[in-house]
Amino acid sequence: MKPVLDGTVALITGASSGIGAATAATLGAQGATVALAARRRDRLEELAGQIRAAGGTALVLECDVTDQAQAAAAVERTVTELGRLDTLVNNAGVMLLGPAAGAPLAEWQRMVDLNVLGLLYCAHAALPHLVRAAGDGPRQVADMVNISSVAGRLARNGNGVYALTKFGAGAFSESLRQELAGQYVRVSLVEPGATATELASHNRPEVLESIRSQFGQRMEAADIADAIGYIVTRPRHVAVNEMLIRPTEQQR
Ligand SMILES: NC(=O)c1ccc[n+]([C@@H]2O[C@H](COP(=O)([O-])OP(=O)(O)OC[C@H]3O[C@@H](n4cnc5c(N)ncnc54)[C@H](OP(=O)(O)O)[C@@H]3O)[C@@H](O)[C@H]2O)c1
């Protein structure tokens with residue numbers, strides 16, 4: 001039997017580590033040809049090698065999605081070189097925590113640039129291709145999966161701007177879902193809780209020290225990739241709109 005995503009093409013942003021890398025491997029194993037976007041080419045090449053060794057097809061796209069031209073070029077190269085775009089996983093993100101008073105403004109700008117504008121640039125460039133794929137694709141349906149967070153549902157002391165960006169991803173996703181439902185482009189929101197990746201490591205040492213005590217049970221990146229794989233392999237008439245996933249012991 002053919003894998004479910006056979007003949008489809010998926011673009012995953014932030015594919016050089018964590019949830020994005022795991023998602024690329026999962027979708028590749030389900031038959032999708034994958035386009036891997038991030039800034040660290042060496043990491044993307046390594047992952048592409050693993051996917052190819054497992055019998056899959058992968059395209060490496062070194063790009064910074066906070067640059068609108070580079071985000072658009074990543075989408076266009078995917079379509080030009082792989083022929084189509086059926087699935088966009090808007091995953092690239094950064095989480096910089098700490099008190100708002102005295103926070104470096106550059107950290108707030110980085111989060112808005114990547115978590116909001118990067119996601120919007122990729123979504124904007126991908127939309128016409130997703131609509132086309134839903135019309136002429138092997139599955140007659142296309143997917144945009146936007147990665148939010150528990151912080152997209154629940155703001156906490158010390159995560160204000162990160163939460164702002166993820167609440168925004170939720171609002172945009174729901175609006176877009178309604179707009180595209182009739183065209184069979186499914187827009188899904190995934191809201192992970194604590195997951196073992198590089199995400200926290202970008203914080204200032206003093207912030208890292210103060211949040212270390214909050215580190216409890218964590219999921220693996222593959223656990224979230226599994227959820228994303230579930231979403232995009234549903235039959236055409238089933239849309240998983242939203243998925244909130246926590247480690248079992250995580251209370252808030
Ligand atoms: N880990 C968690 O506990 C958790 C919980 C909830 C939500 N999330 C969300 O999950 C998503 C993935 O994060 P992760 O946990 O897997 O963290 P991660 O390991 O730090 O991955 C982040 C990815 O984003 C890429 N990236 C960063 N800046 C970029 C840019 N300007 N252009 C293109 N790619 C860029 C990074 O690659 P390069 O550095 O190579 O560019 C990396 O591949 C994020 O949206 C995050 O907010 C994570």
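**Exercise 1. Find out whether R77 is buried, partly exposed or exposed, and look at its salt bridge.**

Step 1. R77 has a relative accessibility of 35%, so R77 counts as partly exposed. Here, buried means under 20% relative accessible area, exposed means over 50%, and partly exposed is in between, with a 1.4 Å probe and protein chains only.

Step 2. Keep in mind that this is a predicted model: local features need pLDDT of at least 70, side-chain atom pairs count only at pLDDT 80 or more, and totals for chains, interfaces and linings use all residues. Residues are numbered from 1 along each chain as its sequence is written, and side-chain values use heavy atoms, with hydrogens and water left out.

Step 3. Now for the partner: R77 makes a salt bridge with E81, and their closest N and O atoms are 2.8 Å apart. A salt bridge is a side-chain nitrogen of Lys or Arg within 4 Å of a carboxyl oxygen of Asp or Glu.

Step 4. Check E81 too: with a relative accessible area of 44%, E81 is partly exposed.

Step 5. Why can these two meet? R77 and E81 are four residues apart in helix 3, so about one helical turn separates them. Helices (H or I, at least four residues) and strands (E, at least two) are DSSP runs, numbered from the N terminus.

**Exercise 2. Locate the two ends of the salt bridge between R204 and E107.**

Step 1. Start with the distance: the closest N and O atoms of R204 and E107 are 2.9 Å apart.

Step 2. This pair ties together distant parts of the chain, 97 residues apart: R204 is in the loop between strand 7 (195-196) and helix 6, while E107 is in helix 4.

Step 3. Compare the accessibility values: R204 is partly exposed at 23%, whereas E107 is buried at 11%.

Step 4. For another long-range pair, try R153 and E242, whose side chains meet in a salt bridge (3.2 Å, N to O). R153 is in the loop between strand 5 and helix 5, and E242 is in strand 9 (residues 242-245), 89 residues away.

Step 5. Zoom out: the whole structure has 14 salt bridges. R40, R43 and E198 are joined in a network of them.

**Exercise 3. Work out which helix gives the most to the largest nonpolar core.**

Step 1. A nonpolar core is a set of buried Ala, Val, Leu, Ile, Met, Phe, Trp, Tyr and Cys residues joined through side-chain atoms within 4.5 Å. In soluble globular proteins, nonpolar side chains tend to be buried together.

Step 2. The largest core here has 41 residues, and L11, L61, L85, L88, L130 and M144 touch the most other members.

Step 3. Several elements each supply at least two residues, including strand 2 (33-38), helix 3 (68-82), helix 4 (105-136) and helix 5 (160-180). Helix 4 wins, giving ten residues to this core.

Step 4. Pick M144 and list its contacts (heavy atoms within 4.5 Å). Leaving aside neighbours within four places in sequence, M144 touches L88, N90, A123, L127, L130, L176, R186, V187 and S188.

Step 5. Don't miss the other core, which lies apart from this one: it has 34 residues, among them L27, A48, V190 and I231.

**Exercise 4. Describe how helix 4 packs against helix 3 and helix 5.**

Step 1. The axes of helix 3 and helix 4 come within 8 Å and cross at roughly 30°. That makes helix 3 roughly parallel to helix 4. Axes are lines fitted to C-alpha atoms, for helices over the stretch in contact, and angles run from 0 to 180 degrees between N-to-C directions. Angles under 35 degrees count as roughly parallel, over 145 as roughly antiparallel, 65 to 115 as roughly perpendicular and the rest as oblique.

Step 2. Residues of helix 3 at this meeting include Q68, A71 and V75, and those of helix 4 include Y121, A125 and H129.

Step 3. On to the other pair: helix 4 and helix 5 pack at about 15°, with axes 9 Å apart. Helix 4 is therefore roughly parallel to helix 5.

Step 4. Among the residues making this contact are W108, L119 and L127 of helix 4, plus Y162, F172 and L176 of helix 5.
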